[in-house]
Amino acid sequence: MLLKAKSVIKAMYVKKLSGLLLIFVFPAFLNAQSVTNISVPGVYRAVPEKLNDLVHTKLEARFDYEKSYLYGKVWITLEPHFYSMDSLLLDAKGMEIKVVAIVNRNTTQPLKYKYDGRQINIRLNKKYRKGEQYKIYIDYVAKPNELAKGGSVAIKDDKGLYFINPMGTVKDKPTQIWTQGETESTSVWCPTIDKPNQKSTQEFFLIVPAKYVTLSNGKLLQQQKNADGTRTDYWKMDHPHAPYLFFIGIGDYAIIKDTYKGKEVSYYVEKEYAGVAKKIFGNTPEMMAFFEKITGVNYPWSKYAQMTARDYVSGAMENTTATLHQESAQQDSRQLLDGNEWESTIAHELFHHWFGDYVTTKSWSNLTVNESFANLSQVLWSEFKYGKDAGDAENFKNMQQYLGSPEDAKKPLVRFHYKDKEDMFDLVSYQKGGRILNMLRNFLGDDAFYAGLNAYLTRHKFGTAEAHQLRLALEEVSGRDLNWFFNQWYFGSGHPKLTIDYSYNDSTKTATVHVKQTQTEAPFILPVAIDIYQGKEKQRHQVWVDQKDQTFAFTVAGRPDLVNFDGDKILLCEKVENGKSLNNFIHQYNVAGSYLDRREAIAACAALQDSVAAVDLLKNALRDRYYELRILALHSADFKKETVKQALEANVFIIAKGDPEPKVRAEALIALSLYDKQIYKDLILRSVNDSSYSVAGAALVSLNQLDKTQGYTAAKTLSSGRTKDKLAEAISNVFAENSKAEDLDYVLNWYNGLPFGQSKVDNANTVAYYAIQLQNTDAVKKATDALVAFRDQIPSAYQKDIYPFVNNVLLKTIATQKLTMKNLAADPVAIQEQIDYINSKIK
């Protein structure tokens with residue numbers, strides 16, 4: 001699962017709009033991470049005990065759109081795991097249970113049971129032995145929207161089954177039904193043993209309005225029209241998989257068909273995106289081939305489908321053969337000009353079909369064997385498809401996300417002590433785990449690493465595993481002991497914090513690298529490459545850093561042009577380097593040459609912009625082969641320094657006109673607004689109508705900086721057409737600056753249409769500023785309602801973080817500003833009405 005809405009990391013944001021400064025701390029939503037409680041001593045989370053094993057699940061489901069109910073009949077085949085059993089405990093959250101019975105051939109016999117709103121404790125008709133299967137029948141009603149309404153059932157927002165706009169009352173929003181099983185929410189809509197170490201084959205009979213299509217696990221074998229205007233779709237899954245991967249999706253979708261080795265590959269998208277579905281998802285067959293190649297395991301399932309969903313509570317979910325994506329996956333042709341923002345997510349969820357679905361974590365404590373691999377796949381795919389720089393950039397981004405959260409450094413990757421199973425879905429299981437696997441890949445070498453993965457997958461296929469079993473597979477293949485590696489990276493916490501000092505002794509011709517580990521934890525054992533450069537010639541030294549304080553000395557022919565610690569730039573660590581000159585960094589950029597080598601050199605030169613040589617490197621970096629580093633060079637340049645501004649001017653203009661990457665052109669257009677030249681303004685004016693949203697949005701921002709009147713006029717013109725992403729954001733910010741009531745609907749339609757996640761949080765400030773500036777009471781209420789709707793959209797488990805942000809920072813700030821305005825207002829009664837309305841919304 002790739003988490004967006006559940007993924008939080010503490011961050012501070014400062015945004016200033018026309019004199020209003022709001023500074024606030026809130027959870028910033030990232031790929032797959034969550035600031036969570038650290039391990040809770042004394043609460044041991046054991047691997048779920050297996051008394052009975054799921055074998056097969058047959059479900060008949062009918063949906064009540066008015067009540068948001070599922071009327072279900074389920075037949076569950078089970079057998080005792082080892083010990084003879086005369087009872088069965090099933091998870092079934094918040095249901096109305098009508099019948100519980102044992103199936104004897106063609107008849108059923110009612111069974112005694114107790115139900116507490118969460119589990120059904122069933123007394124079987126006899127004691128069953130290991131190997132003796134039995135079948136339970138349950139007739140029930142699932143009521144997901146009533147879970148949190150009190151009674152004995154205390155469940156968070158993990159409703160499991162979601163009815164989206166079920167009665168079609170929300171304009172321009174489709175009616176959909178979708179499920180989300182992970183972690184243990186399938187049991188909200190289907191009684192089961194809702195644990196990751198259970199596996200079941202399945203048959204689902206879905207009775208739906210005939211106008212809708214359905215998606216579920218396995219293959220669609222039959223469709224039958226019914227007399228009441230419904231249709232029954234029969235989906236069958238022949239291979240066993242965990243209950244949290246069970247899936248149902250229903251809606252009015254276009255289905256775009258593709259294929260891979262004779263297996264159906266399909267993309268379920270809203271109909272307006274049918275024409276671009278293959279541009280979004282079309283690399284899927286190539287990804288399947290790549291993942292087969294590196295794992296040595298053919299794609300193990302009967303088909304692969306991907307569906308988009310409105311109001312999805314996460315980023316994406318790897319339901320077996322039926323991945324569900326947040327609506328952000330749907331990008332129009334102009335958005336795709338800026339790059340497919342969802343491609344790494346597509347890779348992430350597909351790789352789960354080997355790591356997570358085919359071989360599943362034995363318990364949530366070992367989530368790493370699911371999510372760390374899926375996170376790693378983002379690096380592997382980027383590297384394969386787009387080159388080493390792209391893979392390294394993905395690796396660096398994920399590393400920085402983990403390193404930016406000190407709380408997470410306190411948690412081991414595998415942990416049997418946690419407050420809630422949802423706490424496992426964090427920066428450690430995802431970002432840190434992915435970096436650990438990438439270090440292991442580097443240490444063992446690709447061939448041994450992938451052969452070890454093949455052994456792991458083959459040995460545990462359609463079963464469950466944990467980190468120790470991964471270690472054993474890698475050791476068996478490589479012949480190397482890996483206990484030291486797993487002990488510190490999987491079962492220990494933290495990461496190395498390194499201070500590295502470089503020196504050279506001319507009399508002894510000795511280059512010295514002094515390494516200190518400054519973390520409070522014990523010293524890490526780190527296999528490290530130290531590269532010594534004389535011109536373009538590189539000599540590599542493999543060393544082991546395994547003490548708190550170590551010195552490595554190397555005899556050299558003369559003063560090195562560069563000594564490069566961690567030559568592969570693979571270590572998960574924080575580091576401070578001393579004794580590296582500007583010339584060393586310039587050599588690093590030009591000769592060492594990896595993505596991170598060049599990035600470090602750009603950062604070093606950014607701090608030395610009084611130096612001509614440093615500025616020259618930044619100028620060169622504007623032509624770097626990788627677009628993200630060209631953007632970094634633009635961000636790093638201090639255009640307030642006149643010498644820098646003049647030195648880079650020609651290059652900035654060139655890339656603003658013609659860089660092949662729209663995002664680079666966009667950043668260059670922002671920089672051009674700092675130059676007061678008509679030729680640049682002419683380019684900015686033309687670029688406002690660029691086909692790329694990023695370029696057009698940046699051009700509008702720049703134009704508004706140069707000429708407020710022209711900026712507003714352009715925003716008005718652009719707002720009448722189709723706008724999204726950076727262009728819509730730029731228009732909204734220009735409108736907020738002008739704060740005219742007539743433009744509020746555009747801003748609110750844009751804001752309300754943002755998927756729940758980081759962009760929703762980032763842009764809440766724009767709406768708040770608008771609300772402060774507006775004089776019209778109805779308009780102030782509409783802006784306030786948009787912020788309240790965002791607040792109330794947040795799952796309850798995360799409201800403790802976001803509620804204070806919306807209530808105490810945004811709404812109270814608006815009310816305070818309005819109180820100040822009241823004293824100067826011509827109509828203080830109206831202002832007081834606004835204040836009262838805002839205060840009434842604060843919870």
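Is Glu286 buried, partly exposed or exposed? In this predicted model, Glu286 has a relative accessible area of 31% and is therefore partly exposed, since the buried class ends under 20% and the exposed class begins over 50%. The side chain of Glu286 meets that of Lys385 in a salt bridge, with 2.8 Å from N to O. Glu286 belongs to helix 2 (residues 284-295) and Lys385 to helix 5 (residues 368-386), so the pair ties together parts that are 99 residues apart in sequence. Lys385 likewise counts as partly exposed, because its relative accessibility is 31%.

This pair is one of 51 salt bridges in the count. In general, side chains of opposite charge can pair when their charged atoms come close. The surroundings of two further pairs may be set beside the helix 2 example. Lys411 and Asp408 are joined by a salt bridge of 2.6 Å, N to O, and both residues are buried. Arg791 forms a salt bridge with Asp792, where the closest N and O atoms are 3.1 Å apart. Arg791 is buried because its relative accessibility is 1%, whereas Asp792, at 38%, is partly exposed. Salt bridges also link Asp389, Arg598, Asp624 and Arg625 in a network.

The discussion now turns to strand 20, which spans residues 304-309. The strand is largely enclosed by the rest of the structure, because 6 of its 6 residues are buried. In a regular strand, side chains alternate between the two faces of the sheet. In strand 20, Tyr304, Gln306 and Thr308 point one way, while Ala305, Met307 and Ala309 point the other way, and all are buried.

Strand 20 has pairing partners that include strands 19 and 22. Strands of a sheet pair through backbone hydrogen bonds, either parallel or antiparallel. Strand 19 (residues 263-269) pairs with strand 20 in the parallel sense over 4 bridges, and Ser266 stands opposite Ala305 in strand 20. Strand 22 (residues 322-326) also runs parallel to strand 20, to which it is joined by 5 bridges. Here Gln306 stands opposite Thr323 in strand 22.

Ala305 offers a closer view of this region. Its relative accessibility is 0%, so Ala305 counts as buried. Leaving aside residues up to four places away in sequence, Ala305 touches Leu215, Ser266, Tyr268, Thr321, Ala322 and Thr323. Among these contacts, Ser266 is also the residue opposite Ala305 in the pairing with strand 20. Thr321 lies 16 residues from Ala305 along the chain, and the C-alpha atoms of the two are separated by 5.8 Å.

A further sheet shows antiparallel pairing. It is an open sheet of 3 strands in the order 28-27-30. Its edges are strand 28 (537-545) and strand 30 (562-565), each of which pairs on one side only. From one strand to the next, the twist averages 20 degrees. Strand 27 (residues 526-534) and strand 28 run antiparallel and are joined by 9 bridges; within this pairing, Tyr533 has Lys538 of strand 28 as its bridge partner. Helix 11 (residues 582-592) lies across strand 27 and strand 30, and runs at about 70 degrees to strand 30.

Conventions
Residues are numbered from 1 along each chain as its sequence is written. This is a predicted model: local features need pLDDT of at least 70, side-chain atom pairs count only at pLDDT 80 or more; totals for chains, interfaces and linings use all residues. Side-chain values use heavy atoms; hydrogens and water are left out. Helices (H or I, at least four residues) and strands (E, at least two) are DSSP runs, numbered from the N terminus. Buried means under 20% relative accessible area, exposed over 50%, partly exposed in between (1.4 Å probe, protein chains only). Contact means heavy atoms within 4.5 Å. Two strands pair if DSSP finds at least two bridges between them. A salt bridge is a side-chain nitrogen of Lys or Arg within 4 Å of a carboxyl oxygen of Asp or Glu. Axes are lines fitted to C-alpha atoms, for helices over the stretch in contact, and angles run from 0 to 180 degrees between N-to-C directions.
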